[in-house]
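Hi,

Here is the structure I promised to pass on to you. Please open it alongside this message, and my notes follow below.

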Amino acid sequence: MVVSTRVVIIGGGFAGAATAYWLVRAGVRDVVIAEREEVCGLHASGRNAALGRQLTEHECVSRLAIRGCTLLRTPPPDVADQPLVSDSGSVLLSGRAETLQRLGAQAAALGLPYAPLAPDAILARWPPLEGMPMVGGVCFPTDGLIDIHALLTGLLAGARRGGAHVETCCEVSGFAPRRGGVVIETSAGAIEARCAVVAAGAWAGAVGALAGADMAFDRLRRHLHLTGPLHEVARDAPFVWYLDDEFYARPAGGGALLVSACDETNVAPGQDGASATAVLGLADKVARVAPRFLEYRITRTWACLRTFTRHGRVPLIGWDRGIPWLFWVAGLGGHGATCSLAVGRDAAAAIVPRLR
Ligand SMILES: Cc1cc2nc3c(=O)[nH]c(=O)nc-3n(C[C@H](O)[C@H](O)[C@H](O)COP(=O)(O)OP(=O)(O)OC[C@H]3O[C@@H](n4cnc5c(N)ncnc54)[C@H](O)[C@@H]3O)c2cc1C
C-alpha cells in the first residue's frame with residue numbers, strides 16, 4: 001500500500017478512472033485510486049444503459065458529451081485500439097413539431113450532425129414503436145452505444161500503465177488536513193497526499209462531508225429492463241428516446257431490447273436495488289407511449305443511481321471553494337459514460353497547475 005502520493009482519487013468509476021488516466025498522461029504519475037468495492041464499476045459506471053447521446057437537456061452537458069463522444073470514437077491508443085462507441089446513431093422522438101424544430105436548431109448551433117426523420121422511416125427500423133404519439137424524430141448519426149466495460153477497463157489499465165495505483169477494498173473514512181496537503185484515512189491504512197479528488201458518485205456528498213465540505217447532490221434511482229428476444233429490431237438499429245413522456249429503448253443483442261421508463265426517485269446513496277413495482281411502472285409508461293411494448297416479456301430488471309448537483313444539474317468539476325486540497329469530479333448525472341473522457345481531461349487540466 002502506497003503511504004505517500006500526490007493525488008488520491010476517491011472512487012474508481014468513470015469519474016475517478018478518467019481523471020487518473022488524464023493525470024498520468026499529464027505526467028502526474030503518483031496517483032492512487034481508492035475504491036471501496038472489490039472491483040471497480042460495481043455502481044453506476046458498470047450498470048448504466050450505455051447510450052452515447054450528445055444532445056442533452058443542458059447545453060453545457062451537450063458540449064461535454066460531444067467532446068466525450070469524439071474521444072470515444074477515436075480513443076487514445078493506450079485506452080483502446082478501436083472505437084468505444086458504435087456508429088448506430090440515435091433518434092430523439094416527439095409528438096410536437098416545435099420540439100423537433102428546437103432539437104434541430106440546438107444541434108445546428110452545436111455543430112452536431114442531425115437529420116429529421118418521418119414516422120414511417122422510424123417504424124421501418126423500430127416496429128414496436130407503432131402506436132407511439134409522435135410526429136417524427138431527429139436522427140443523430142454520430143450517437144451510438146458505448147462499450148462501457150472496455151471504456152472503464154481501458155481507462156484503469158491506461159492509468160496503471162502510467163504509474164497510478166488502483167487500491168480496491170479501500171474505503172475512505174476521513175481526512176486530516178496537514179500543511180501542504182491532507183492525510184486520507186482508509187480501511188487499508190492512511191495515505192498522505194497533496195490533494196484528494198472526490199469521484200465517489202452517489203456518495204460524493206457523504207465523502208465531501210467527511211472533509212468538512214457542504215455540497216448537496218440528488219441521487220435519482222432509475223430502472224433498466226431487459227426484454228426477451230422478439231427479433232423485431234436489428235442489432236445495429238439506432239437507440240430511440242421519446243422526449244414528451246420519457247422512455248428509451250435500444251437493441252441489447254440476441255433480439256432482446258433494453259428499455260427504461262426514465263423513472264427517477266430521490267434516494268439515499270447505496271439504495272440501488274430494484275423496486276418490486278418497477279415493472280408495473282414500466283407497463284404504465286409503455287401503455288401510454290409505446291403500447292406494442294406490452295407484448296414484450298421482461299427477463300431482468302436492475303436499478304442504479306444518477307447523481308446530480310443542485311446547480312442546474314450540471315457536473316461539478318473543480319476545486320472546492322473552501323478546502324484548498326479538495327477537488328470535485330462529481331454529479332455526472334445521466335450522461336457520465338458519454339462525457340467521461342472529456343470530464344477526466346478537464347479535471348486533470350484543472351488539478352495539474354496546483355501540484356506544481
Ligand atoms: C439507470 C442509469 C442509466 C444510465 N445510462 C447512461 C447512459 O446511457 N449513458 C451515459 O453516458 N450515462 C448513463 N448513466 C450515467 C452514468 O452511469 C454515470 O454518470 C456515471 O457512471 C457516474 O460515474 P461516477 O464515477 O461518478 O460514479 P460511480 O460509477 O458510482 O463510481 C463511484 C465509485 O465511488 C466508490 N466510492 C464511494 N464512496 C467511497 C468511499 N468512501 N471510499 C472509496 N470508494 C468509494 C463507489 O464504490 C463507486 O465505485 C446512467 C446512469 C443510470 C443510473
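Let me begin with the ligand: of the 39 residues around it, G11, G13, S45, G201 and G336 come nearest. Two or more residues of that shell come from each of α1 (14-25), α2 (44-47), β13 (217-227), β18 (298-309) and α9 (336-355). By character, the shell holds 20 nonpolar, 13 polar and 6 charged residues. Please keep in mind that this is a predicted model.

Which domains supply the shell around the ligand? Domain 1 (7-48 + 149-216 + 311-355) and domain 2 (90-141 + 218-308) each contribute at least three residues.

That brings me to the domains themselves. The protein is divided into these two, domain 1 and domain 2, and their centres, taken over C-alpha atoms, are separated by 31 Å. Where they touch, 15 residues of domain 1 meet 9 residues of domain 2. On the domain 1 side of this contact, α2 and α7 (204-210) are the elements giving two or more residues. That side is made up of 7 nonpolar, 6 polar and 2 charged residues. So you will meet α2 twice, as it also gives two or more residues to the shell around the ligand.

As for the overall build, the protein has 9 helices and 20 strands. Its radius of gyration is 21 Å, close to the 21 Å that the globule rule gives for 356 residues, so the protein is as compact as a globular protein of that length. If you are setting up a box, the C-alpha atoms fill one of roughly 65 × 40 × 35 Å along the principal axes.

Now to two of the sheets. One is an open sheet of 6 strands in the order β8-β2-β1-β12-β20-β19, and its pairing is mixed. β8 (165-167) and β19 (316-319) are the edge strands, each pairing on one side only. From one strand to the next, the twist averages 20°. Inside this sheet, β12 (residues 195-198) and β20 (residues 326-330) run parallel and are joined by 3 bridges; V198 has W328 in β20 as its bridge partner.

Two helices that you have already met at the ligand return here. α1 packs on the sheet and touches β1 (7-10), β2 (31-34), β12 and β20, with its direction at about 175° to that of β2. α9, in turn, lies across β1, β12, β19 and β20 and runs at about 10° to β19.

The other is an open sheet of 3 strands, β9-β10-β11, with antiparallel pairing. Its edge strands are β9 (172-178) and β11 (189-193), each of which pairs on one side only. On average, neighbouring strands here are turned by 20° against each other, direction ignored. β9 and β10 pair over 6 bridges in the antiparallel sense, and P177 stands opposite V182 in β10. The hairpin formed by β9 and β10 has 2 residues between the strands, and G180 takes a positive phi near 80° in it. On its other pairing, β10 (residues 181-186) is joined to β11 by 5 bridges, again antiparallel. There, V183 has E192 as its bridge partner in β11.

Happy to talk any of this through once you have had a look.

Best wishes

Methods:
Residues numbered from 1 in each chain as written. Predicted model: local features only at pLDDT ≥ 70, side-chain atom pairs only at ≥ 80, totals over all residues. Near = placed C-beta within 6 Å. Helix = DSSP H or I, 4+ residues; strand = E, 2+ residues; numbered from the N terminus. Nonpolar A, V, L, I, M, F, W, Y, C, P; charged D, E, K, R; others polar. Domains from an automatic or database assignment. Pairing = 2+ DSSP bridges. Axes fitted to C-alpha atoms, helices over the stretch in contact; angles between N-to-C directions. Contact = placed C-beta atoms within 7 Å. Rg over C-alpha atoms; globule rule 2.2 N^0.38 Å.
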